[in-house]
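Got the viewer open? Let's take a walk through this one, selecting a few side chains at each stop.

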Amino acid sequence: MSQETDRNEMALIGSVMMGPEKVLPLMMEARVTPEWFADGRCKSAWRCLRQLWDEKKADGIDMLTVADALKRVKPVKGEEAPEIEIGWIQRLIDDTPTSAHAEHYLSIVRSQHVSRMARRAASAFAAGVETGPSAAIQRMAGELDKLLHVLTGGACGDDRDALIDEVMSGFEEAHRVVMVEGGGKVRYCPGLRMPWEHMTQLYGGVNPGLHIISGRPSTGKTAWINNLLDYLCGDQGLAGGLNSLDMTRQAMWSRNFSLTSRVSLPKARFGMTNAADMEKLRKAAASLKAWKLDMRVCQDLDEFRSWVTLGVRKRGWKFCVVDFIQLLNFADCTRMTVDDRTGLISGAVKRLGLDLKIPIFALSQLNRECEREGGRPPKPSDLRGGGSLEQDAASVLMLRKDDRTEAAWREYPPKWLTPFGANEQAQNYLARRLRPVWASLEKNQDGNTGEVPFVFYKNYFTFRLGDYRALPLKVERSGKEPAHMDYAPLFGRVHRDWRRSGDEDALARSGGLVDDYEDGEE
């Protein structure tokens, strides 16, 4: 074994020691085996680390843990168990500059392993040809198949039957729920449900892959994510992750406080709360602690990929959110154009969601084209970073304000939508801060596209589904004002939702609640 081989193998094991939460998922995904290592100490160390992973103790890996675990690893028959001192483990860590190069070391070690296998196969083939060419060729074909299996991680398409069974199992489950148990009267969602049934039907369920959410400033993009988390984690009890790159984790949790407690954030932050408000905030704290939401700041793409992989495999994540996708980076990304950089990131995030079978929601920034063109509604082609995001995304949702309705509300505040204010002054204040927002599903691989009206309660970071069955009014031309459609009726009432708050009773009395059809009815 060469010194170069020894150095690369030790660097790979050292990378695991320095960043187990990042490197171990990569090695498990690559299906690393002890045979990859020529150095006996590295081989034993990997068996030890693999055992800690299987025992779900990977989070606590350190020098002492590994040294202790090495004593428990059973020797393999036919192999001489090497003596491993704690000093050697310390040298692994000291000689490895960073775990960020783990994929590089992994690639080298894999190549070295394949080279050794190929040399052995070639030697055996050369010797076998002298005695029996036919048998030697057949043996060589088998060895080549093994080499291909290692190079591709086993992904040779030999899991066809399992994939077909998996798809058929989904059909069977849908039939059981809808026809057998539901008598044809219930709806089935094959993917992740959205907070609003009408949106779930439009999406056709949110399936694994990359799902973009975008819009111009002040349309409530991050608040949309807060509502999504409130539903998925708070109501459905699902586990997930949030990579908060655009704001601090404290700021994100503060928004969740306001959303769940119905106490405005400025009121809570500046101490203008009364005893009832404080009780609501304390209840919100207890509720938020029950969420199975892991929140972190991972700017490095490789670190993010490892974190998500670990979250899915160890913590049972069903989804992940990135705020914003353009804020992810990687080594030498500054040497690339914005379009090339975003293209590499979006492709990696898409592949991550598909491989782990979870939807990844990513907030995205817009370029300035829609503003240069008179403030027209944004399109998927306006996503910042070229066409890669639009191409890689399974869905693209654009949020935009209805300017005409917002202008009318500034003049005549819709107080019937804020009857829960403490007094008329408070109701008027809340009404003036309402925003009529269109959620426009511009691209959708698994369902339909279309626009859905929402009322955004800015003070509480809350979105409520509007009266999507209402008819717009046709307004004739008047002076310089051209003829147009008035969509204000679609924002004039809101639906009940999963929150089941006391506000809905007040909305019902004021005429601001949709009571003639349910969310999801066409």
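Which residue does Lys401 form a salt bridge with, and how far apart are the closest N and O atoms? Select Lys401 and Glu406: the partner is Glu406, and the closest N and O atoms are 3.7 Å apart. Switch on a surface here and compare the two ends. Lys401 is partly exposed, at 25% relative accessible area, while Glu406 counts as buried because its value, 13%, falls under the 20% cut-off. Bear in mind as you click around that this is a predicted model.

**More salt bridges**

The structure holds 30 salt bridges, so let's pick a couple more. Go to helix α3 and show Asp54 and Arg50, which both lie in that helix, four residues apart, or about one turn. Their side chains meet in a salt bridge, 3.1 Å from N to O. Both ends are partly exposed: Asp54 has a relative accessible area of 48%, and Arg50 has 32%.

Now select Asp497 and Arg464. These two form a salt bridge as well, with 3.4 Å between the closest N and O atoms. The pair links distant parts of the chain: Asp497 is in the loop between β11 (484-486) and α20 (503-510), whereas Arg464 is in strand β9 (residues 462-465), 33 residues away. Buried or exposed, these two? Both Asp497 and Arg464 are buried. Add Asp230, Arg496, Arg499 and Glu504 to your selection, and you'll have a network of salt bridges that includes Asp497 and Arg464.

**Aromatic rings**

Time to switch to rings; there are 15 aromatic pairs in the structure. Start with Trp224 and Phe454, whose ring centres are 5.1 Å apart with the planes at 80°, so this pair is edge-to-face. This pair also links distant parts of the chain, with Trp224 in helix α10 (residues 221-235) and Phe454 in strand β8 (residues 450-457), 230 residues apart. Try a surface again: Trp224 is buried at 1% relative accessible area, and Phe454 is buried at 0%.

Next, jump to Trp253 and Trp291. Their rings form a tilted pair, 6.0 Å centre to centre and with 50° between the planes. Trp253 belongs to helix α11 (residues 249-261), and Trp291 is in the loop between α13 (275-289) and β3 (292-296), 38 residues apart. Trp253 is partly exposed at 25% relative accessible area, but Trp291 is buried at 7%.

Before leaving the rings, go back to Trp224 and Phe454 and add Trp196, Tyr231, Phe456, Phe463 and Trp498: together they form one aromatic cluster.

**Charges over rings**

Two quick stops here. Show Lys314 with Trp53, and you'll find Lys314 over the face of the Trp53 ring, 4.2 Å from the ring centre. Then try Arg469 with Tyr517, where the charged end of Arg469 sits over the ring, 4.1 Å from its centre.

**Last stop: a loop aspartate**

Finish by selecting Asp39, in the loop between α2 (20-29) and α3 (40-54). Which backbone nitrogens does the side chain of Asp39 reach? Display the backbone of Arg41 and Cys42 to see them. A polar atom of the Asp39 side chain lies 2.8 Å from the backbone nitrogen of Arg41, and the side chain also reaches the backbone nitrogen of Cys42 at 3.0 Å. Asp39 itself is buried, with 5% relative accessibility.

Conventions
Residues numbered from 1 in each chain as written. Predicted model: local features only at pLDDT ≥ 70, side-chain atom pairs only at ≥ 80, totals over all residues. Heavy atoms only, no water. Helix = DSSP H or I, 4+ residues; strand = E, 2+ residues; numbered from the N terminus. Buried < 20%, exposed > 50% of the residue type's maximum accessible area, 1.4 Å probe, protein only. Polar contact = N/O pair within 3.5 Å; in protein donor to acceptor, adjacent residues only side chain to side chain. Phe/Tyr/Trp six-rings, centres within 6.5 Å; stacked < 30°, edge-to-face > 60°. Lys NZ or Arg CZ within 6 Å of the ring centre and 35° of its normal. Salt bridge = Lys/Arg side-chain N within 4 Å of Asp/Glu carboxyl O.
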